[in-house]
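These entries record what I looked up in one model, in the order in which I consulted it. I began with overall dimensions, went on to strand pairing, and ended with charged side chains.

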Amino acid sequence: MIIDGVFARALLANPLKVSETDGRTLKQPVVIMIRGEVQIRKGTRYRLEGYESGEFGGPPMWLTGDILPQQPFQFYSFFVVTKVIALKPE
């Protein structure tokens, strides 16, 4: 899969606002966390090859009882970069 996007202001580590996937423009951009050897920076457009994956994070309710964790138990999606195709100034 090839994605194209720019830095996003989001409460995610290394967020990318994706506007295009596999050459198709998205109707509405999607923000996803990027993992790999790429540090997403403001002012650069990224074209990346890789795959989407995910994991569960945060403590489950049966472990915390009545204590509400800051980050609840949930599934997180992220994009794993296998190749940087292009970096362009915005």
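**Entry 1: Overall dimensions**

I looked up the radius of gyration and found 15 Å for the protein, where a compact globule of 90 residues would have a value near 12 Å. I note at the outset that this is a predicted model. I then took the extent of the C-alpha trace along its principal axes, which is about 50 × 30 × 25 Å.

For burial, I find that 30% of the 90 residues in the protein are buried. The exposed area comes to about 6,400 Å², and carbon and sulfur atoms account for 54% of it. I also examined contacts between residues at least 6 apart in sequence; 52% of these join residues at least 24 apart.

**Entry 2: Inventory of elements**

I listed the secondary structure and obtained one helix and five strands. Read from the N terminus, the order is β-β-β-β-α-β.

In what order do the strands of the barrel follow one another? I traced a closed barrel of five strands in the order β1-β2-β3-β5-β4, and its pairing is mixed. From one strand to the next, the twist averages 50 degrees.

**Entry 3: Pairings of β1**

I turned to the individual pairings. As a reminder to myself, strands of a sheet pair through backbone hydrogen bonds, in either the parallel or the antiparallel sense.

I took strand β1, residues 2-7, and its pairing with strand β4, residues 44-57. The two run antiparallel and are joined by five bridges. Within this pairing I located Gly-5 opposite Tyr-46 of β4.

β1 also pairs with β2, and here too I recorded an antiparallel arrangement with five bridges. Asp-4 stands opposite Glu-20 in β2. I marked Asp-4 for a later entry on charged side chains.

**Entry 4: Pairings of β3**

I next followed β3, which spans residues 24-35, to its pairing with β2, residues 15-21. These strands are antiparallel, with six bridges between them. One bridge I checked sets Lys-17 against Val-31 in β3.

How many residues separate the strands in the hairpin of β2 and β3? I counted two, and Asp-22 in this hairpin takes a positive phi near 50 degrees.

Is the pairing of β3 with β5 parallel or antiparallel? I found that β3 and strand β5, residues 74-89, run parallel and are joined by three bridges. Met-33 has Phe-78 of β5 as its bridge partner, and Arg-35 stands opposite Val-80 in β5.

**Entry 5: Salt bridges around Asp-4**

I searched the whole structure for salt bridges and obtained four. In one of them, Arg-45 meets Asp-4, with the closest N and O atoms 2.4 Å apart. Because Arg-45 belongs to strand β4 and Asp-4 to strand β1, this pair ties together parts that are 41 residues apart in sequence.

Asp-4 also forms a salt bridge with Arg-47, at 2.8 Å from N to O. Asp-4 lies in strand β1 and Arg-47 in strand β4, so this pair ties together parts 43 residues apart in sequence.

Is Asp-4 buried or exposed? I read a relative accessibility of 9%, so Asp-4 counts as buried. Arg-45, at 28% relative accessibility, counts as partly exposed. Arg-47 counts as partly exposed as well, at 25%.

**Entry 6: The pair of Glu-55 and Arg-35, and the network**

I then looked up Arg-35 again, this time for its side chain. The side chains of Arg-35 and Glu-55 meet in a salt bridge of 2.7 Å, N to O. This pair links distant parts of the chain, with Glu-55 in strand β4 and Arg-35 in strand β3, 20 residues apart. I found Glu-55 partly exposed, with a relative accessible area of 34%. Arg-35 is likewise partly exposed, with 30%.

Which residues are joined into one network by salt bridges that share partners? I noted Asp-4, Glu-20, Arg-45 and Arg-47. To connect this with Entry 3, I recall that Asp-4 and Glu-20 of this network stand opposite one another in the pairing of β1 and β2.

Technical notes: Residues numbered from 1 in each chain as written. Predicted model: local features only at pLDDT ≥ 70, side-chain atom pairs only at ≥ 80, totals over all residues. Heavy atoms only, no water. Pairing = 2+ DSSP bridges. Helix = DSSP H or I, 4+ residues; strand = E, 2+ residues; numbered from the N terminus. Axes fitted to C-alpha atoms, helices over the stretch in contact; angles between N-to-C directions. Rg over C-alpha atoms; globule rule 2.2 N^0.38 Å. Buried < 20%, exposed > 50% of the residue type's maximum accessible area, 1.4 Å probe, protein only. Contact = heavy atoms within 4.5 Å. Areas by Shrake-Rupley, 256 points an atom, 1.4 Å probe, with all protein chains shown as cover.
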